[in-house]
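Trainee: Before we look at anything in detail, could you take me through how to read the features of a model, one at a time?

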Amino acid sequence: MIENSTATVRFIGQKEEDAQQLGWLLSNASNANFSFEHTACLDSFVKTGRDHQGEVIILDLTENAEDRINAVSLLGEKIPQTPIVVLTGDDENIGRDAIRLGAQDYLIKSQLTTDGMSRSLLNAIQRHQGHRHSAETAPLLDSATAVLNRLPIGVILVTADTKILFFNGKAKRYLEQGDGLVVGADRICRATLPGESRALAKLLTDTLSPSDKNKSEGDFAISLTRMESDYPLNVMVAPIGTGAAGKGAVLFVSDPAEPVELSIESICKLYGLTPAEGRLALGLTNGHKLDDLAEQWGVSMHTVRSQLRQIFRKTDTSRQSEVVKLILTGPAALQATSLL
């Protein structure tokens, strides 16, 4: 809600004198055009379940507050599109209880002013709209998070000052290990070694405020040393968002020593491979050599080479590296788990 907007204020309370006072105060508001309506009977209003766009309710809790406060939850169920502001006596605890039950704000009867009430009503409408949008988009955001959790690499979203906003399941494991990449109590993403941490910070700064448009992809990558592994964590940084308020970066983190956990069944269905050929394709994707796989599976090299030729034919490739690239950049790289 913005200034000079229009809203219908519905007062639900039994006292006509209170309705007259509220109506008079709102008629003097300079930052919005309020129309005012009075409903004396709460029960009849709840039964009708009225839900008009542009309304905001002022619910009287100055009398029988303990009995009437449950009406906040009831109104929220019956008319979820309408924000609620409660009118209380001098006990602010009643107002805070109402907010916990779903009200957007509360007014103290002895402190009513035109500006204060107008500001409270406008803020309540804005706050309620924000909560509605959050509730409506929550399932979509949950599904998007599930998709990111299915990626075979770590994904970390950071703000312009390198504070972590989000990380997927794979990145969570890397951060919990605290080896190569860490996050402190300040939510800042850092490397384990001080020198590499400074380099990562500079990389993020350069990514968010690029001074040279001719930079190559390699300028946005860094390898972070790990004390407990012979292999580093590989990190690629990319900018996201537009405008000063929306700038951020995403870090794609991978462990070259970590086996690629893909579904052989998915690989077979996507590329028309037999189970044995799918197993071989996954073995190559994980960096194993043909002779090692043959020994591990107890088959001859002739059998493995024959399977590899079939993979080349069915995937229209001619080299092992092309097979690996095909699988890692295709839909098989996603873990086949439910999104919901």
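Mentor: Let us begin with a single residue: this is a predicted model, and glutamine 307 has its place in helix α12, which spans residues 301-315.

Trainee: Is glutamine 307 buried or exposed?

Mentor: The general idea is that a residue counts as buried when its relative accessible area is under 20%. Glutamine 307 has a relative accessible area of 14%, and it is therefore buried.

Trainee: Which residues does glutamine 307 touch, not counting those up to four places away in sequence?

Mentor: With those sequence neighbours set aside, glutamine 307 touches Ala276, Glu277 and Leu280.

Trainee: How should I read a pair of helices, and at what angle do the axes of α9 and α10 cross?

Mentor: The idea is to take the approach of the two axes, then the angle, then the residues that make the contact. The axes of helix α9 (residues 264-271) and helix α10 (residues 275-285) come within 9 Å and cross at roughly 110 degrees. Since angles of 65 to 115 degrees count as roughly perpendicular, α9 and α10 are therefore roughly perpendicular to each other. The crossing in which α9 passes α10 is right-handed, and its contact is made by Ile264, Ile267 and Cys268 on the α9 side, with Pro275, Gly278, Arg279, Ala281 and Leu282 on the α10 side. By class, the residues of this contact between α9 and α10 divide into six nonpolar, one polar and one charged.

Trainee: How are α11 and α12 placed relative to each other?

Mentor: The axes of helix α11 (residues 290-297) and α12 come within 9 Å and cross at roughly 120 degrees. That angle lies outside the 65 to 115 degrees taken as roughly perpendicular, and is not over 145, and α11 and α12 are therefore oblique to each other. α11 passes α12 in a right-handed crossing, where Leu290, Asp291 and Ala294 in α11 meet Met301, Val304 and Leu308 in α12. The classes in this contact of α11 with α12 are five nonpolar, no polar and one charged residues.

Trainee: What is the handedness of the crossing of α12 and α13, and which residues make the contact?

Mentor: Taking the angle before the handedness, the axes of α12 and α13 come within 11 Å and cross at roughly 55 degrees, which makes α12 oblique to α13. The crossing of α12 and α13 is left-handed, and the contact is made by Leu308, Ile311, Phe312 and Thr315 of α12 together with Gln320, Val323 and Leu326 of α13. This contact of α12 with α13 has five nonpolar, two polar and no charged residues.

Trainee: Turning to the nonpolar core, which residues of the largest one touch the most other members?

Mentor: In reading a core, one can ask about its members and then about the elements that supply them. The largest nonpolar core has 22 residues, of which Ile156, Val158, Leu181, Leu251 and Val253 touch the most other members. At least two residues of this core come from each of β6 (154-159), α7 (169-177), β9 (189-191), α8 (194-208), β10 (221-224), β11 (233-240) and β12 (248-254), and α8 gives the most, with four residues. As for valine 158, leaving aside its neighbours within four places in sequence, its contacts are with Lys163, Ile164, Leu165, Cys189, Leu204, Gly248, Ala249 and Leu251.

Trainee: What are the phi values of arginine 187 and aspartate 316?

Mentor: A backbone angle is best read together with the residue's place and accessibility. Arginine 187 has a positive phi of about 65 degrees although it is not a glycine; arginine 187 sits in the loop between β8 (181-183) and β9, and is partly exposed, with a relative accessible area of 42%. Aspartate 316, also not a glycine, has a positive phi of about 55 degrees; aspartate 316 is in the loop between α12 and α13 (320-328), and at 72% relative accessibility it counts as exposed.

Trainee: Where is glutamate 55 found?

Mentor: Glutamate 55 is found in strand β3 (residues 55-60), and it is buried, with a relative accessible area of 6%. The C-alpha atoms of glutamate 55 and isoleucine 125, which are 70 residues apart along the chain, are separated by 8.8 Å.

Trainee: How many helices and strands does the chain have?

Mentor: The secondary structure comes to 13 helices and 12 strands, and buried residues make up 39% of the 340 residues in the chain. Among contacts between residues at least 6 apart in sequence, 56% join residues at least 24 apart.

Definitions and conventions: Residues numbered from 1 in each chain as written. Predicted model: local features only at pLDDT ≥ 70, side-chain atom pairs only at ≥ 80, totals over all residues. Heavy atoms only, no water. Buried < 20%, exposed > 50% of the residue type's maximum accessible area, 1.4 Å probe, protein only. Contact = heavy atoms within 4.5 Å. Axes fitted to C-alpha atoms, helices over the stretch in contact; angles between N-to-C directions. Parallel < 35°, antiparallel > 145°, perpendicular 65-115°, else oblique. Left-handed = near helix turned anticlockwise from the far one by under 90°. Nonpolar A, V, L, I, M, F, W, Y, C, P; charged D, E, K, R; others polar. Core = buried A, V, L, I, M, F, W, Y, C linked by side-chain atoms within 4.5 Å.
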